[in-house]
Amino acid sequence: MTRITTGCPRCGRVELDIEDITLVLSPHEGMAWYFFDCQYCVNHVVKPAPTSVAAALSSVRVRSWTVPGEVIEREGCDDLPPLTVDDLLDALLWLRTGPAVDSDRTISIPSPGVAEPRPAHPNAA
Ligand SMILES: [Zn+2]
């Protein structure tokens, strides 16, 4: 059985089973790290995994997670104000009419649950 030797900040050198370690790969950020729960102090330890460490852990087939790209796409959204009801109504109007909304134009928005009128003769040409 393969054992992995690493360090715990509280206990120092510790030996772990492969099942004790999880490798996290974030290819979009070019980063990797691994974590484990120390079996001696029960501390949750997170350590960086440079390329050589990530390759070594992958070669012994530790559990591996890959961070999806969508996580990174959200960076910078905290600077924007939250959406308001007016923003949603503007977006709905934009979707129905296009970017230039004519203020004199009446827009019919069907209510949920209200059936659309059916043609009198649906098969007629
Ligand atoms: Zn420990």
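**Figure 1. Arginine 3 and aspartate 17 pair up in a salt bridge.** In this predicted model, the closest N and O atoms of arginine 3 and aspartate 17 sit 2.4 Å apart. Arginine 3 belongs to strand β1 and aspartate 17 to strand β2, so the bridge ties together parts of the chain that are 14 residues apart in sequence. The two side chains also register as a polar contact, again at 2.4 Å. Strand β2 covers residues 12–17, and aspartate 17 is found in it. Is aspartate 17 buried or exposed? Its relative accessible area is 18%, and buried means under 20%, so aspartate 17 counts as buried. Arginine 3, on the other hand, comes out as partly exposed, at 40% relative accessibility.

**Figure 2. Arginine 3 also reaches glutamate 15.** Here the view shifts to the salt bridge between arginine 3 and glutamate 15, whose closest N and O atoms are 3.5 Å apart. With arginine 3 in strand β1 and glutamate 15 in strand β2, this pair ties together parts that are twelve residues apart in sequence. Glutamate 15 is partly exposed, with a relative accessibility of 34%. How many salt bridges are there in total? The count comes to two, and Arg3, Glu15 and Asp17 are linked by salt bridges into a network.

**Figure 3. Four cysteines hold the zinc ion.** Which atoms act as the protein donors here? They are the SG atoms of Cys8, Cys11, Cys38 and Cys41, lying 2.3 Å from the zinc ion. The angles that the four donor atoms subtend around the ion run from 104 to 115 degrees, which makes the arrangement tetrahedral. For anyone checking the geometry against the textbook, the ideal angle for four tetrahedral donors is 109.5 degrees. Along the chain, the donors of the zinc ion are spaced as C-x2-C-x26-C-x2-C.

**Figure 4. Cysteine 8 and cysteine 38 come from distant parts of the chain, and both donate to the zinc ion.** Cysteine 8 is in strand β1 (residues 3–8), while cysteine 38 is in the loop between β4 (31–37) and β5 (44–48). The two are 30 residues apart. Are these cysteines buried or exposed? Cysteine 8 and cysteine 38 are both buried.

**Figure 5. Valine 42 has an unusual backbone angle for a residue that is not a glycine.** Its phi is positive, at about 60 degrees. As background, most residues other than glycine have a negative phi. Where does valine 42 lie? It is in the loop between β4 and β5, the loop that also holds cysteine 38. Valine 42 is exposed, with a relative accessible area of 67%.

**Figure 6. Arginine 61 is another positive-phi residue that is not a glycine.** Its phi is also about 60 degrees. This arginine lies in the loop between α1 (51–59) and β6. As for solvent, arginine 61 is exposed, its relative accessible area being 72%.

**Figure 7. Proline 68 and proline 27 are shown together, with 8.6 Å between their C-alpha atoms.** Along the chain, these two prolines are 41 residues apart. Proline 68 is found in the loop that runs between β6 (63–66) and α2 (70–73). Is proline 68 buried, exposed or partly exposed? At 43% relative accessibility, proline 68 counts as partly exposed.

**Figure 8. Val85, Leu89 and Leu92 make a nonpolar patch on the surface.** The patch has an area of about 260 Å². Valine 85, one of its members, lies in helix α3, which spans residues 85–97. With a relative accessible area of 61%, valine 85 is exposed.

**Figure 9. The close-ups fit into a protein with three helices and six strands.** In what order do these elements come along the sequence? The pattern reads β-β-β-β-β-α-β-α-α. Of the 125 residues in the protein, 20% are buried; among the buried ones are aspartate 17 from the salt-bridge view, and cysteine 8 and cysteine 38 from the zinc site.

Key. Residues are numbered from 1 along each chain as its sequence is written. This is a predicted model: local features need pLDDT of at least 70, side-chain atom pairs count only at pLDDT 80 or more; totals for chains, interfaces and linings use all residues. Side-chain values use heavy atoms; hydrogens and water are left out. Donors are N, O and S atoms within 2.8 Å of the metal (3.2 Å for Na, K and Ca); water is not among the atoms, so sites may look incomplete. Four donors count as tetrahedral if all angles lie between 85 and 135 degrees; four count as square planar and six as octahedral if opposite donors are over 155 degrees apart and all others between 65 and 115; anything else is irregular. Helices (H or I, at least four residues) and strands (E, at least two) are DSSP runs, numbered from the N terminus. Buried means under 20% relative accessible area, exposed over 50%, partly exposed in between (1.4 Å probe, protein chains only). Patches are made of residues with over 30% relative accessible area and no salt bridge: like charges are joined within 9 Å, nonpolar side chains (Val, Leu, Ile, Met, Phe, Trp, Tyr) within 5 Å. Accessible areas come from the Shrake-Rupley method with a 1.4 Å probe; for residues, only the protein chains shown count as cover. A salt bridge is a side-chain nitrogen of Lys or Arg within 4 Å of a carboxyl oxygen of Asp or Glu. A polar contact is a pair of N or O atoms within 3.5 Å; within protein, one must be able to donate a hydrogen and the other to accept it, and residues adjacent in sequence count only if both atoms are side-chain atoms.
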